[in-house]
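This report examines selected local features of a protein model. The sequence and the structure are shown first, and the discussion follows.

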Amino acid sequence: FHPTKYLKGLARAIEARGGRFYAETVHVGDEEKDGGVEVTTEAGPVIRAGAAVFATNSPTNDKVAIHSKQRPDRTYVVAGRVAKGSVPDSLVWDTYDAYHYVRIQPLGEREDLLIVGGGDHRSGEAQDMDERLAALEAWTREHYPSFGAAEYRWSGQVLEPIDFMPFSGRNPGSTNIYVHTGDSGQGITNGVAGSLTILPLIIGEDSRYAALLDPGRKSLTSVTSVGEFVRDQAGAVKNFAEYIGPGEISSADELAPGEGGIMRKGLIKLAVARDDDGTVHQRSAVCTHLGCLVHWNDFEKCWDCPCHGSQFAPDGAVLNGPAVTPLAAAD
């Protein structure tokens, strides 16, 4: 199953039925108005519709309701060549915490690309990426002896719901705004389930899975879910305590090219980063979503928010939601 080929076909089907796509149209605000929805874009134009669906890795339309029930995790992946047929063509997970996941990508008549992921941790709360990737390579060689060198290494972000089910349906407190998130790395499967759930709600028909996937559901239904909730919220509380702590650096001069660190300046904290060419960026370290302090991601060379998963470039530009506005100027 090829995800991007599937999405390309889906896009053709939508356009054949009169649907339109607008890339690079960044959402910065939304409001329910006159029985519909108005979406404000970064460039200025306003989109008006009877209903809006925020089908995003992390919902940008909601500040608290969904984010308090899911955790942003950073996950790591390595990939390398193996002999054709030496690894079964299957999709595999194990039951460790953090779990490993495995699949192959055909390369030709003689080789496959073995793709293995794992080493997850809460976003913004680790700086041992090289060790995690090395452990992932070692695990791969142990279980798949035909695996040679890791030719590719990357990371991604997944949202883990505390009760292990995605959120798909009417946004809590809204009438015509819908949301799909919490895919836990299984967005292709859950995305289809979400479409089959949300469409009937929009057109006023019965939705078979609406109660099960309801974003407004009470998720604290088991000891496991309660434990997940407590651990996740403790991470946010710990982050706010950093407001009164010292900085990591006292001057931008301490940073080598490609490095970043938090610097205290009086009562505020600054996110300071130095580009490979030596250019220094200084922005507020306060995430523009809900005010947590960002942490430097040494692997991706960006700023991560450990509370809800927002990501910012070294110059403060938004890379990943739920934040929709850049880190503020240093002053």
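The sections below treat the cysteines, a buried acidic residue and a nonpolar surface patch.

**Cysteines**

The model is predicted. Across the whole structure, a search finds one disulfide. That bond joins Cys292 to Cys307, with an S to S distance of 2.0 Å. The link of Cys292 and Cys307 is left-handed, at -95° about the S-S bond. Cys292 lies in the loop between strand E14 (280-284) and strand E15 (295-297), while Cys307 lies in the loop between strand E16 (302-304) and strand E17 (311-312), so the pair ties together parts that are 15 residues apart in sequence. Both Cys292 and Cys307 are buried.

Why does Cys287 form no bond with Cys305, the cysteine with the closest sulfur? The sulfur of Cys287 is 3.9 Å from that of Cys305, which is too far for a bond, because a disulfide requires the two sulfur atoms to be within 2.5 Å. Cys287 is buried, with a relative accessible area of 4%. Cys302 is likewise in no disulfide, and the nearest cysteine sulfur, in Cys305, is 12 Å away. Cys302 counts as buried at 1% relative accessibility.

The sulfur distances discussed above are set out here.

| Cysteine | Partner or nearest cysteine | Sulfur distance |
|---|---|---|
| Cys292 | Cys307 (disulfide) | 2.0 Å |
| Cys287 | Cys305 (no bond) | 3.9 Å |
| Cys302 | Cys305 (no disulfide) | 12 Å |

**Asp120**

Asp120 is found in strand E8, which covers residues 111-122. How far from Asp120 is the nearest side chain of opposite charge? That side chain belongs to Arg71 and is 6.8 Å away; Asp120 is buried yet has no salt bridge. A salt bridge would need a side-chain nitrogen of Lys or Arg within 4 Å of a carboxyl oxygen. Leaving aside neighbours within four places in sequence, Asp120 is in contact with Asp73, Arg74, Thr75, Tyr76, Ala98, Tyr99, Arg132 and Val158.

**Nonpolar surface patch**

Phe1, Leu7, Leu10, Ile14, Phe21 and Ile188 make a nonpolar surface patch of about 590 Å². Which element gives the most to this patch? Helix H1 (residues 3-16) does, with three residues. Phe1, another member of the patch, is found in the segment before H1. Phe1 is exposed, with a relative accessible area of 74%, because a value over 50% counts as exposed.

Technical notes:
Residues are numbered from 1 along each chain as its sequence is written. This is a predicted model: local features need pLDDT of at least 70, side-chain atom pairs count only at pLDDT 80 or more; totals for chains, interfaces and linings use all residues. Side-chain values use heavy atoms; hydrogens and water are left out. Helices (H or I, at least four residues) and strands (E, at least two) are DSSP runs, numbered from the N terminus. Buried means under 20% relative accessible area, exposed over 50%, partly exposed in between (1.4 Å probe, protein chains only). Lys and Arg count as positive and Asp and Glu as negative; His and the chain ends are not counted. Contact means heavy atoms within 4.5 Å. Patches are made of residues with over 30% relative accessible area and no salt bridge: like charges are joined within 9 Å, nonpolar side chains (Val, Leu, Ile, Met, Phe, Trp, Tyr) within 5 Å. Accessible areas come from the Shrake-Rupley method with a 1.4 Å probe; for residues, only the protein chains shown count as cover.
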